Amino acid sequence: MKKPISAIDTETTGNDFFHGCKPWLVTACDGKRNYWWEGTVNPQTREVHWEADELLDLQKYINDNIELVFQNRNFDQRALSTIGIYLPQPLIHDTLIAGHLVCSGDVHGLKECSMKYNNYHNDDEQ
């Protein structure tokens with residue numbers, strides 16, 4: 001049975017996917033449970049190794065959703081494609097675009113939006 005909606009985020013070794021940067025962590029939340037898939041990063045080279053079963057499980061999770069929510073979908077989609085993960089084009093929402101449409105003058109970082117809209121406090125770094 002397909003899940004109705006999930007939010008997905010990637011953490012990467014950098015922003016230049018054309019020159020070797022890759023995601024090393026993908027997290028998701030469906031409102032009931034948190035999920036994560038993690039590759040291994042070589043600290044000297046910053047190369048990321050993913051186990052095949054992790055990638056299969058991640059792709060299955062993505063395929064099993066009716067709707068996906070991203071904060072900057074283009075970035076995450078490019079990042080995921082570098083490790084062979086593709087979005088099957090279900091309904092995809094981008095909170096970055098929505099934020100610009102609603103409040104174009106505000107800061108639109110994921111943490112700032114969480115603090116503003118969800119009363120999430122910035123104490124995770126302490």
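A residue is called buried when its relative accessible area is under 20%, exposed when it is over 50%, and partly exposed in between, using a 1.4 Å probe and protein chains only. The structure shown is a predicted model, in which local features need a pLDDT of at least 70 and side-chain atom pairs count only at pLDDT 80 or more, while totals for chains, interfaces and linings use all residues. Residues are numbered from 1 along each chain as its sequence is written, and side-chain values use heavy atoms, with hydrogens and water left out.

**Overview. The protein is built from four helices and seven strands**. Helices (DSSP H or I, at least four residues) and strands (E, at least two) are numbered from the N terminus. Followed along the sequence, these elements give the pattern β-β-β-β-β-α-β-α-β-α-α. The protein has 126 residues, of which 33% count as buried. Its exposed surface is about 8300 Å², and carbon and sulfur atoms supply 54% of that area (Shrake-Rupley method, 1.4 Å probe). Among the contacts (heavy atoms within 4.5 Å) whose partners are separated by 6 or more positions, 52% join residues 24 or more positions apart.

**View 1. A salt bridge links Asp-64 and Lys-60**. A salt bridge is a side-chain nitrogen of Lys or Arg within 4 Å of a carboxyl oxygen of Asp or Glu, and the structure holds one such pair. In this pair, formed by Asp-64 and Lys-60, the closest N and O atoms are 2.6 Å apart. Asp-64 is partly exposed, with a relative accessible area of 22%, and Lys-60 is also partly exposed, at 49% relative accessibility.

**View 2. The second largest pocket holds about 160 Å³ of space**. Of the ten residues that line this second largest pocket, Arg-33, Tyr-35, Trp-37, Asp-57 and Tyr-61 are the closest to its centre. A pocket is an open set of points on a 1 Å grid where a 1.4 Å probe fits, with protein on both sides within 12 Å along at least five of seven lines, and lining residues have an atom within 4 Å of a point. Strand E3, which runs over residues 34-38, and helix H1, over residues 52-63, each give at least two residues to the lining. The largest share of the lining, four residues, comes from E3. By type, the lining of the second largest pocket divides into four nonpolar, one polar and five charged residues.

**View 3. Ile-5 in strand E1 comes close in space to residues distant along the chain**. Strand E1 covers residues 3-12, and Ile-5 is found within it. Although Ile-5 and Leu-68 are 63 residues apart along the chain, their C-alpha atoms are separated by 5.6 Å. When residues up to four places away in sequence are not counted, Ile-5 touches Cys-29, Asp-30, Asn-65, Glu-67, Val-69 and His-93. Ile-5 itself counts as partly exposed, with 35% relative accessibility.

**View 4. Arg-78, Phe-18 and Asn-15 are shown together**. Arg-78 lies in helix H2, which spans residues 73-81, and this arginine is partly exposed, with a relative accessible area of 42%. From C-alpha to C-alpha, Arg-78 and Phe-18 are 9.6 Å apart in space, although 60 residues apart in sequence. Asn-15 sits in the loop between E1 and strand E2, the latter covering residues 23-29, and Asn-15 is exposed, with a relative accessible area of 63%. The C-alpha atoms of Asn-15 and Arg-78 are 9.8 Å apart in space, while the two residues are 63 positions apart in sequence. Leaving aside residues up to four places away in sequence, Asn-15 touches Cys-21 and Phe-75.

**View 5. Arg-46 and Asn-72 each have a positive phi value**. Arg-46 has a phi near 65°, a positive value in a residue other than glycine, and this residue lies in the loop between strand E4 (40-41) and strand E5 (48-49). At 46% relative accessibility, Arg-46 counts as partly exposed. Asn-72, likewise a residue other than glycine, has a positive phi near 80°. The place of Asn-72 is the loop that connects strand E6, residues 65-70, with H2. Asn-72 counts as partly exposed, with a relative accessibility of 27%.

Technical notes: Points joined across faces, edges and corners; volume = space filled by probe spheres on them. Nonpolar A, V, L, I, M, F, W, Y, C, P; charged D, E, K, R; others polar.
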